[in-house]
Amino acid sequence: MFNKKFFHVTAALLLAACLSPLGFSPSRAWAKDYQRVVVLSDVHYGSKETSNKALRAQKMANKVKAVQDINSWKDVDLCVFTGDMVQLAGSKEEYKLARQLTDKVTQPKTFLAGNHEVVYSEMPAVKGKLQPADPYERMTHLKSYQENYGPLYSAKTMGNYLLLFLSPDEIDGHIIHNKPYAVELSQAELTWLKAQLKANRNKPTLIFCHTPLEGTILPDNSENEARNFTAPAKDIKDILAKNPQVLIWASGHTHTPPTDPSFDNPINQYKGTNVLNVYNPAWEGDQIWTNSYYLYPDKITIRTYSHKTHEWLPQFDRTIPLPANLTAAAVPAA
């Protein structure tokens, strides 16, 4: 005898299994044992392309479609914008434009600032190069950022994981080779970071910052410049060396795509620490990719998704087992 109730339940379970991004069993679709964090880096909405109207429109459309993909993922617990939401130099008009995209994200979300929110002047570019902002203009930029996107640095717990979000907040920014450091953390922010890590030594920790760590990109990469690494580099190195619970440093800024040899490379492991620098692609190229971080009680899995082909790229799957002393508490059922 045909049982309608059994049929509908079975169909729902099969559909859930098919939609699950990692091929989880039907039971996990109902009560997942992980939390998922999606990174959206360097969205630069509208677009850094300002001369070719057709190309600019296409890039903007690609970004909207990628947001629609992310909104459709039912297991996302947090979206992290890792800086450079604005187009170029963080004017009021650019923030208004950027929010047309960031406000479309319906998933839980948090933000941190990048160099394009903070370190450049709104004065016209010279020979195509943005000029450094003076301390007063930096203060204005920092205020605009906080009015639109919240605190410059913050912390969040997910299960037994600790997530830390850092932003460039140094008012008197240093210049190197006639260019400002893309991200320079103030002593106040470094003190806060050390306090957070000291208070959470037994929590596996992920740090999200716009710029990568020094020495985690291939030497022949065009972005391998001191100004592109998080400053002050020595302070950061000392902090990470003393805090082995930090397992991931998630960065943007370098616009490193999966097609770049530095995207997934042994050099991404920060020397002398447990930290893997994970490079997150920008949204300004011919296509868009995003990284998803799956936080399990015993491991972190990182996966890369193509929003052009709508498929996962398993060749870039990475898993970081948690050390025994950092095994995370079970994630509550959704």
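Contact here means heavy atoms within 4.5 Å. The model on screen is predicted.

**Whole chain**

Start with the protein chain in cartoon view. Its secondary structure comes to eight helices and 14 strands. Of the 334 residues in the chain, 53% are buried. Among contacts between residues at least 6 apart in sequence, 71% join residues at least 24 apart.

**Helix α3**

Select residues 53-72, which form helix α3. Its 20 residues should span 28 Å at 1.5 Å a residue, and the end C-alpha atoms are 29 Å apart, so the two values agree. Next, show the side chain of N52, which caps the N-terminal end of α3. A side-chain oxygen of N52 lies 3.2 Å from the backbone nitrogen of A54.

Now colour the buried residues of α3: R56, K59, M60, K63, A66, V67, D69, I70 and N71. Which elements do they pack against? Add the strands β1 (35-40), β2 (76-82), β11 (289-295) and β12 (299-306), together with helix α4 (92-102).

**H307, beside α3**

From α3, move to H307 in the loop between β12 and β13 (311-312). H307 has a relative accessible area of 9%, and because buried means under 20%, H307 is buried. Two polar contacts can be drawn from the H307 side chain: one of 2.9 Å to the side chain of D69, and one of 2.8 Å to the side chain of T290. Leaving aside neighbours within four places in sequence, H307 is in contact with A66, D69, I70, W73, I288, W289 and T290.

Stay in this loop and select H310, which also lies between β12 and β13. H310 has a positive phi of about 55° although it is not a glycine. At 48% relative accessibility, H310 counts as partly exposed.

**The largest pocket**

Turn to the largest pocket, with a volume of about 610 Å³. Which residues lie nearest its centre? Select K48, H116, Y120, K129 and R227; the lining has 24 residues in total. By class, the lining has six nonpolar, 11 polar and seven charged residues. Helix α5 (115-118) and strand β7 (179-180) each supply at least two residues of it.

**N115 and D84**

In helix α5, select N115. Is N115 buried or exposed? At 2% relative accessibility, N115 counts as buried. Its side chain makes a polar contact of 3.3 Å with the side chain of H253. Not counting residues up to four places away in sequence, N115 touches D84, Y120, A182, H210 and H253.

Follow the contact to D84, in the loop between β2 and α4. D84 is buried, at 1% relative accessibility. Its phi is positive, about 60°, although D84 is not a glycine.

**Two cis peptide bonds**

Most residues other than glycine have a negative phi, and most peptide bonds are trans. Go to the bond from Y45 to G46, which is cis, with omega near -15°. G46 lies in the loop between β1 and α3. Then select A231 and P232, joined by a cis peptide bond with omega about 0°. P232 is in the loop between β8 (205-208) and α8 (233-241).

**Last stop: P257**

Finish at P257, in the loop between β9 (246-251) and β10 (276-279). Add A282: the two residues are 25 apart in sequence, and their C-alpha atoms are 7.3 Å apart in space. Leaving aside neighbours within four places in sequence, P257 is in contact with F263, P281 and W289. W289 is also among the contacts of H307.

Definitions and conventions: Residues are numbered from 1 along each chain as its sequence is written. This is a predicted model: local features need pLDDT of at least 70, side-chain atom pairs count only at pLDDT 80 or more; totals for chains, interfaces and linings use all residues. Side-chain values use heavy atoms; hydrogens and water are left out. On a 1 Å grid over the protein atoms alone, a cavity is a set of points where a 1.4 Å probe fits but cannot get out, and a pocket is an open set with protein on both sides within 12 Å along at least five of seven lines; lining residues have an atom within 4 Å of a point. Grid points are joined across faces, edges and corners, and a volume is the space filled by probe spheres set on the points. Helices (H or I, at least four residues) and strands (E, at least two) are DSSP runs, numbered from the N terminus. Ala, Val, Leu, Ile, Met, Phe, Trp, Tyr, Cys and Pro count as nonpolar, Asp, Glu, Lys and Arg as charged, and the others, Gly among them, as polar. The expected span of a helix is 1.5 Å times one less than its number of residues. Buried means under 20% relative accessible area, exposed over 50%, partly exposed in between (1.4 Å probe, protein chains only). A polar contact is a pair of N or O atoms within 3.5 Å; within protein, one must be able to donate a hydrogen and the other to accept it, and residues adjacent in sequence count only if both atoms are side-chain atoms.
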